[in-house]
Amino acid sequence: MARPLLLLIAAFLTAFAVNSSADEAIPRGQLPDDVRPERYRLQFTVDPRQEQFSGVAEIDVTVARPVRIIWLHGHGLQVSKVTVEAPHTVLTAKYEEVEPVNGVARLALSGELPAGHAKLRFDYTGGFRAGAEGLFREKVGDDWYVFSQMEPIDARRVFPGFDEPRFKTPFEISVVARETDKVVSNAPLAKTTQAPDGRLLHTFQPTLPLPTYLLALAVGPLDIVNATLPANAVRHTPLPMRGVATKGKGTQLAYALKHTPAIVERLETYFGIPYPYPKLDLIASAQMTGAMENAGAILFNETMLLLDDAARPTQQRSFYETTAHELAHHWFGDLVTPAWWDDIWLNESFAEWMGVKIADDLRPDLGSRAGLVDSSTYAMDVDSKRSGRPIHQPVSDNAQIASTFDSITYVKGGAVLSMMESYLGAQTFRQGVQLHLRRHENGVATSAEFFNALSDAAQQPPVVAAFRSFVDQPGVPLVSVESTGGRAGELRVTQDRYLPLGTSLAGGQLWQLPLCVHAYAGDGAPAKVCSLLTQHSDTLASPSGTTTVMPNAAGAGYYRFALGGSDLDRLVAMAAKLPETEAIMLADSLTAAFRAGRLPFGQFLEAARQLSTHPSRLASIALGSQLVDIKDHWADATTRSALSARIRDLYAPRLAGLGLDVRRGAYTAESAERRQLRRSLASLVVVHGRDPVLRGKLTEAARASLRDPAKLDPEFRSMAWIVAVQDLGDPFAQLLESTLLASDDSLLRRDAAWALGMAEDPQASARALALSLHPGIRTTELYGLLGGQFMSPVTRAAAWAWLRGNLDNVMNKLPGFEKGQLFGFAESFCDASLRPELDRTLTAKSQEIGSGELEVQRALEGLDLCVAQRAALGPSVVAAMGVH
């Protein structure tokens, strides 16, 4: 009795000492280094039919110096008991979530914990989430399921711990579940035993070292389909692979299980390292909004996994790109993990670039590489703003983490990697990647260490400096190219920051810019000329006989360009003959010039006409998409009608040549490129060009499809339903709403949600907005219902009035990680009178939720730029359209 009594007395006496430290500054960014986790043992009791789960978490830690307070993470957990054991000390502790917005917790110990090894034990309960964060529930049919989504900082919703990427440890996970439920986690199942209450205890093998954000769970009456990753030249042993889906959908996993081994094999060959984990599960969830690279247990939105050979090309492309992206993370992100969130760009940029590279290698007909180039032009629009940010951005507060998962991280980062690979050479770049992975296997690394590996492989320090100049500062370079007028074959090249009309930014920014130019002479192949542009201005030699210059060879450079009058005319005249990626970058630079006030609208329209005949999809429609944006943001009703007619004139002949038959299976035998081209042209001509004949055709097909789905090919389903919702109004919208709510087909539901969101009739619009709050509506469907209402100039104002009154309700349906993205809807406005109200409402909400500040700034700046550009350039659009 003596020793326990002394411990109680000590606890009583030291309680006051604990209080003396209660005002210690809360670590809102990285935790202190005084206590580090070494291993976790987690046991969860999970019943998807209930609203809560319970858990026991044991964490082995190393204590660097004596402490009375331990800082860690926990978010919305009800901790009933905490014990702390060291070799000669047993303590209790008070758990308190002192920063409840982002989940920082404090353990106030009952005494001093000495330096050395210790074990923390927590008994607790937590609530299942509705959206994809932490442990979340979803109902499919009559059954309930639980899945997990921990990234970026939602593991703290599932267990108390040290929720930072630098803390990589093994995890021992076990789950108590009903006998009828199956359980999946990161590691293979070790054993299943009977729990005392009659349920089953599923015990999994220890994982390799992982950060908390990569843990995975799936529980419910799951279909599990077994398959194999066959051995190959890099990995000599087959590995188990499984597809996991909700009950009754397992048969739809065949396509994914058939094609995933080829993706794994390509990645193993590139990295020169076998797949790093003992098994691979592909898990399909209806509520997940994207996909997550959990080690050995990747979670997908089910539309990315449940498909077959007849699926629409966009769905097949999504499968290849997303699966390759998430699997690439298993080396770049899982095996070697960013040390902190400021380096998450390297994780995501690399996976984005690598996913496209592998998808394009396996299915070049799907157009993945051109898609990355096209996406980079959107990233450039974001990067052109004052509220842009560098790819590598310091993160000092948990509230800043969500904003790093944006187009700058994914798309600009991927484009910069592509540019560096192009400049260094694919083999040299690959050697640097392999060196980086070997140096940090099962550990963490920083951007600086990746740059060092590239430098060591390339033996070209200036290239690493060039890389850093794109990673460590925001902005888009503008490269101006002109003939010197002097010595033949010489070009004057000048760099500055691209500045859109209306910005408050100033120029003068410099990059270490890998510049590659294609010099065309006649009909032969172009000559490629490259140089590292390190100064404001320099000269570049071009081959004798050059008649036309394309300043961004292969579209591989992350920069915009400007050409003088006749030089630009010659390039535009051959636009339809340019390679697809060069044509895309030409279209972007023309758009940028127009929006900077340097290109007349008439010249812009002529370029659109030239590009409309380009054989590839993205190049041919690039400027058509810009006309749609001008129509929907700058124009009054009369000018919108004229712009719709111009869009029809530009793209209807091309569509007529391809034909438009929306019956199921009409184009199954065609190439994916041709099918995607038809679909994109039809969207321009029918939805935005408002072709009356084709709209009538699609409306009839849409009406028939609700009685007989075979009447309408899924490839054209969302488009036909959009037209029918707009032209038939609320009676059709009501039928479509019923179809959506009655279906468990996630792709059909998403198509219906986007169609309803495009409603223009006041009653149908009100129906779409109200439906977004229906408890059965999933997150991806909510985006469709709201997004379309903000896209249309007809419904935008009413949509904002509704959202302003229902902002809390909408926010409550979104995962915390995605709440800030909702603020992007404000950028759809081009009305200065609304700015104060938008600023006041969204800024207050951003402060309340602890994230989204950057998204609000970007949206408001987008509104400001739109107002300025419409005022300066809108009259030229009106004049060109002949509107009086």
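Colleague: Which helices are included in what covers the buried residues of helix 20?

Modeller: Keep in mind that this is a predicted model. The cover includes helix 18 (730-742) and helix 19 (746-757), along with helix 21 (779-791) and helix 22 (796-812).

Colleague: And which residues of helix 20 are buried?

Modeller: Buried means under 20% relative accessible area. In helix 20, which spans residues 762-771, that applies to A764, S765, A768, L769 and L771. These buried residues take up an arc of only 165 degrees around the axis, so they sit on the same side of helix 20.

Colleague: What is exposed on the other side of helix 20?

Modeller: Exposed means over 50% on that scale. On the other side of helix 20, P762 and Q763 are exposed.

Colleague: Which residue caps the N-terminal end of helix 20?

Modeller: To read a cap, look for a side-chain oxygen and a backbone nitrogen at the helix end. Here D761 does the capping, with a side-chain oxygen 3.0 Å from the backbone nitrogen of Q763.

Colleague: Now the pockets. What volume does the largest pocket have?

Modeller: Its volume is about 680 Å³. There are 32 residues lining the largest pocket, and those closest to its centre are R664, P714, R717, D745 and L747.

Colleague: Which helix gives the largest share of that lining?

Modeller: Helix 19, with three residues. Helix 17 (717-728) and helix 19 each supply at least two. So much for where the lining comes from.

Colleague: How many lining residues fall in each class?

Modeller: Sorted by class, the lining of the largest pocket holds twelve nonpolar, twelve charged and eight polar residues.

Key:
Residues numbered from 1 in each chain as written. Predicted model: local features only at pLDDT ≥ 70, side-chain atom pairs only at ≥ 80, totals over all residues. Heavy atoms only, no water. Buried < 20%, exposed > 50% of the residue type's maximum accessible area, 1.4 Å probe, protein only. Helix = DSSP H or I, 4+ residues; strand = E, 2+ residues; numbered from the N terminus. Arc of directions from axis to C-beta. Contact = heavy atoms within 4.5 Å. Polar contact = N/O pair within 3.5 Å; in protein donor to acceptor, adjacent residues only side chain to side chain. 1 Å grid on protein atoms, 1.4 Å probe; cavity = no way out; pocket = protein on both sides within 12 Å on 5 of 7 lines; lining within 4 Å. Points joined across faces, edges and corners; volume = space filled by probe spheres on them. Nonpolar A, V, L, I, M, F, W, Y, C, P; charged D, E, K, R; others polar.
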